[in-house]
Amino acid sequence: MDKNPLILGGTTEATALCLALSAAGIGGTISFAGRVMRPVRQPLPQRVGGFGGIAGLERYLADHRISHVIDATHPFAAQISANAVRACAEAQVPLIALGRAPWSAGPDDNWAHVPDIAGAVAALNRPAARVMLAVGRMHLAEFAPNPQHFYLLRLIDAPEAALPFPDCRVVQDRGPFTTKADLALMQAHRIDLVVCKNSGGTGAQAKLLAARALGIPVVMIDRPALPPRLEAHDVAAVLDWLGHGRTDLGV
């Protein structure tokens, strides 16, 4: 069968993979969830929107004769990642995840780990602080129970609804970010606490390096658990898997 991969995208790794696939003369389709208004344009055909759960993804794989699935979604996109594992197993379509190694605290970091968004909300039940809240647009409303803080929000798209915070500032920007710029951003807004997801990778790590340099504590939201699956941490390994059908990259 000719290779016709489906890339579940939305990350810098997905963009790099699409560029590599196009350069190698391999076709395929990249799928976006639709949470960003203007996704980065890709050199492969794009689709936007959900599949309709596990059964819907199975139908898509069959209808479009997908040969391989590469899950290059955000590490916190737990639902689509779990659905992909189930759907690919049912459809007998090979699956690999192009992931990022999680961040780890160094000796100069001051991190408090929480298991999920609810844990981060609970951690902010404290006296007023100036918080850089780097959790993405979808979760902002969940932090409404803590209106005492100033919130610095860096978002790709402007909020669609009124924000639940009496005191906040929205900065529209798209990564990758630099440590120098994030140092300046945190100093300009007098940030004294960072809340973020453990996304891993280099594109969003700058805020952690800036927090380290400024001695700012971090509330780190741990990654959700996912079903076991084949994983790779670089584009070259995925291309090798596509070319040779390897199944020994580890899970």
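**Notebook: aromatic pairs and helix 1**

I looked up phenylalanine 165 and found that, with a relative accessible area of 6%, this residue is buried (under 20% relative accessible area, with exposed being over 50% and partly exposed in between, for a 1.4 Å probe and protein chains only). The model is predicted, so I kept in mind that local features need pLDDT of at least 70 and side-chain atom pairs pLDDT 80 or more, while totals for chains, interfaces and linings use all residues. I counted residues from 1 along each chain as its sequence is written, and the side-chain values use heavy atoms, with hydrogens and water left out.

I then checked ring pairs of Phe, Tyr and Trp (its six-membered ring), which need centres within 6.5 Å and are stacked with planes under 30 degrees apart, edge-to-face over 60 and tilted for the rest, and I noted two aromatic pairs. Phenylalanine 51 and tyrosine 60 are edge-to-face, because their ring centres lie 5.2 Å apart with the planes at 70°. Phenylalanine 51 is buried at 14% relative accessibility, and tyrosine 60 is buried at 13%. Tyrosine 151 and phenylalanine 165 form a tilted pair, with centres 4.2 Å apart and planes at 35°.

For charges over rings (NZ of Lys or CZ of Arg within 6 Å of the ring centre and within 35 degrees of the ring normal), I found arginine 47 over the face of phenylalanine 51, at 4.0 Å from the ring centre, and arginine 154 over that of phenylalanine 177, at 3.6 Å.
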